[in-house]
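Biologist: Please take a close look at the internal cavities of this model and tell me what lines them. Add what I should know about the confidence of the rest before I read anything into it.

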Amino acid sequence: LQLKQPSATEPVNTTALGEAPSWSTSEVILFLILIALTAVTRFRRLGSPAFVIFDERLVLMQAGAYLRGWPFFLSLHPPLAKLLVALSCDLFGDHAYARRIPSALFGTILVPLNYLLARRMFLSSLAATLAGVLTLCEGFLLVNSRIAMINIFGVTFAAIAYLNLFRFRLTTRMRARRRAILIIGIALGCAIATKAVISEVTATLVISYLVIILYTETVPDRRALLWQTAAMLAMVGGLMVSIYVAAFLPYYHYGWWSGIGDLISYQHWVLTGNLALPHEGPYSSPVWSWPLMLRAFPYFSYLKQDGRTLTVWCGGNPAIWWEIPPALLICGFHAIKQRSLSWSFPPVAYSAYMLMWIPVRRYLLIYDFLSMSAIGIIAIAGVLTMCWNGELNLWEPLLLLTPQIAVLIFILRLTLGLAAAAAIIALWALIARRKNLEAGRFICACILASVGFTFIYFYPLWSSMPLSKAAYLERMWFKGPGLANWM
Amino acid sequence: MKRRWIAAFLVALMTVCALDQIVGQSVAQIATRHDRVPIKQAVAQDRRFNLPQMKNPVASSAKSAALSNDAAELYYDDTWQGYVGAWPPNRHGSLWSVLLTLGLSLTMTIAGYWIFGRAYSERLLHDGRQNSLDP
């Protein structure tokens, strides 16, 4: 290839956009503590309940098929995550703890990944710490890390792709950029080999941002840009196809399939399978209700002989979950105001994942919100960092406080909750009159306190710890009838 | 110029997401109009399903698994009708086609890797990078 090189008069700048802050000893220690805490929440009592719960049954049937070669089982989702579960069963034995190890491992990795992602997106250690803490305390991610289902895998692979997208952006070195593209290709390939349709949105999103970065930050040398774009697409596309096809190799090994035509027919089978599913099912909920968390449901519920309940609850931490829409709004506002690619990423990604579901007519469950939840956490981390630094407008901290008022009302009941909320707002107004910076920090502290409290409050529901019936019902803020039902 | 590109890509992104579902569903609707077979009938016709032996090796050996482990039950469960469909009995292609696909996609990756190195120049990054889209 012979490309036109810029002349001496053309602007030449190899300066990076900015560097992520250097690591201090205290930050390294904090980072390690976060990972350790995450591992404890993900791995502790992982084998409880010992029952096969919810769609673990389907995953285990497939894992069994891959281990022993029979029975032939075809799923609507590609096999990579199930292969990992099979591997874990093969290595560690056939019991509940072993079959959940891959999910717990991926759920643990997600915390440092989100930490590093926020660090590169917002170039701030504080944003990184907040992203790590919020990922640790989000019950929806926690519960999906503690069961042998496939949802957490796609989210973690997507986080690897996002992280390398921003690594690509922050570096100017060719080798580093090429390596970032390769890792993106591998991560997207693994995501698509785990859960195809939603990962296609991830792939479209990441590839679009890669192209945007190439085209907005390079001199308009059309030929060079075309070659770079084509090369990037070839790398990412080639890896995605390779990994996707490779994930199906057990089908050929066992003789279930004979050629690539079987894989193509499988795509048709998946489409027809999805179409055949009913519009409504047990626990199903419409897409619009997901940001409000109206239809959380138990993956598993078991009444013990002593009258206590064991539950594995597919719901999130309301103090984080309900904070996502305001945070995304503020993100979008600053993306436009600052013309910032980093700030645009969370709202664009969230919207893309949301839009994907709108035309789908089959029944949907709230766990499909997982990708949006993960990206929403990054948005909250970025916005809270601005709030801490006193960089938000007056209306923005109030908007951030609104979901926490709802949480207060649910925990303390209406009168006491409203009184507490009024006291917090009055205190904030008093501080804001003196110093805007301290007012922002006050809001941050309130939100983080709320997140911490609700995490401890709901933790037994995510980790199947026994609860008395009264304690269980107290945590079920929505009891139906109708869509708003957490039971 | 930059804003125009960003807008164009964002619109393209949204369009792809929407089309992914709309076109996919329409194609599937047309395709399934003729060849949809009730699940029980399809499973019964497919001799490769040896239903009485369809025990899941992993789950069945888990002594604590109180729930049913019988795969056959899943295939005959009406609530799952259409979910676990019979695989078309015809086999498509030989193993060489799989190896060829893998080979081609890996070649594409290696070619992309090589071309990116040749086409890339740090000198092409311009001043606007410093302040246009910063966090």
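Modeller: A word on classes comes before the linings: Ala, Val, Leu, Ile, Met, Phe, Trp, Tyr, Cys and Pro count as nonpolar, Asp, Glu, Lys and Arg as charged, and the others, Gly among them, as polar. By that scheme, the lining of the second largest cavity has 7 nonpolar, 4 polar and 1 charged residues. The model is a predicted one, and the predictor gives the complex an ipTM of 0.84 and a pTM of 0.83.

Rolling a probe the size of a water molecule over the atoms shows where empty space is left. Over the whole structure, the search turns up 5 cavities of 30 Å³ or more. The second largest cavity holds about 70 Å³ of space. Its lining consists of Met386(A), Cys387(A), Gly390(A), Glu391(A), Leu392(A), Asn393(A), Leu394(A), Pro397(A), Trp428(A), Asn436(A), Ala439(A) and Gly440(A). Two elements give two or more residues to this lining, helix 16 and helix 19 (436-462) of chain A. Helix 19 of chain A has the largest share, at 3 residues. The charged residue in this lining is Glu391(A).

Next comes the largest cavity. About 150 Å³ of space lies in it, and 15 residues form its lining. Nearest the centre of the largest cavity are Asn151(A), Gly154(A), Val155(A), Ile198(A) and Ser371(A). At least two lining residues come from each of three elements of chain A: helix 7 (151-170), helix 9 (196-216) and helix 16 (370-388). Helix 7 of chain A gives the most, 5 residues. The lining of the largest cavity divides by class into 8 nonpolar, 5 polar and 2 charged residues. Helix 16 of chain A therefore appears in both linings, supplying at least two residues to the largest cavity and two or more to the second largest.

Chain A also offers a reference point outside these linings' helices. Ser24(A) sits in the segment before helix 1 (25-43) of chain A. Ser24(A) counts as partly exposed because its relative accessibility is 34%, and the class runs between 20% and 50%. From Ser24(A) to Leu182(A) there are 158 residues in sequence and 29 Å in space, C-alpha to C-alpha.

On confidence, chain B is the part to read with care. Its mean pLDDT is 54, and 22% of its residues score at least 70. Among the elements of chain B, helix 4 (residues 71-76) has the lowest mean pLDDT, 35, and helix 5 (residues 95-119) the highest, 91. Residues 24-89 of chain B have a pLDDT below 50, yet beyond near neighbours in sequence this stretch has 115 contacts in the model. Residues 127-135 of chain B are also below 50, with 38 such contacts.

As modelled, chain B has 5 helices and 0 strands, in the order α-α-α-α-α along the sequence. Of its 135 residues, 37% count as buried. Among contacts in chain B with a separation of 6 or more, 63% join residues 24 or more positions apart. Chain B exposes about 8000 Å², with carbon and sulfur atoms supplying 61% of that area.

How values were computed
Residues are numbered from 1 along each chain as its sequence is written. Chains are lettered from A and ligands numbered from 1 in the order in which they are written. This is a predicted model: local features need pLDDT of at least 70, side-chain atom pairs count only at pLDDT 80 or more; totals for chains, interfaces and linings use all residues. Side-chain values use heavy atoms; hydrogens and water are left out. On a 1 Å grid over the protein atoms alone, a cavity is a set of points where a 1.4 Å probe fits but cannot get out, and a pocket is an open set with protein on both sides within 12 Å along at least five of seven lines; lining residues have an atom within 4 Å of a point. Grid points are joined across faces, edges and corners, and a volume is the space filled by probe spheres set on the points. Helices (H or I, at least four residues) and strands (E, at least two) are DSSP runs, numbered from the N terminus. pLDDT is the predictor's confidence in each residue, from 0 to 100. Contact means heavy atoms within 4.5 Å. Buried means under 20% relative accessible area, exposed over 50%, partly exposed in between (1.4 Å probe, protein chains only). Accessible areas come from the Shrake-Rupley method with a 1.4 Å probe; for residues, only the protein chains shown count as cover.
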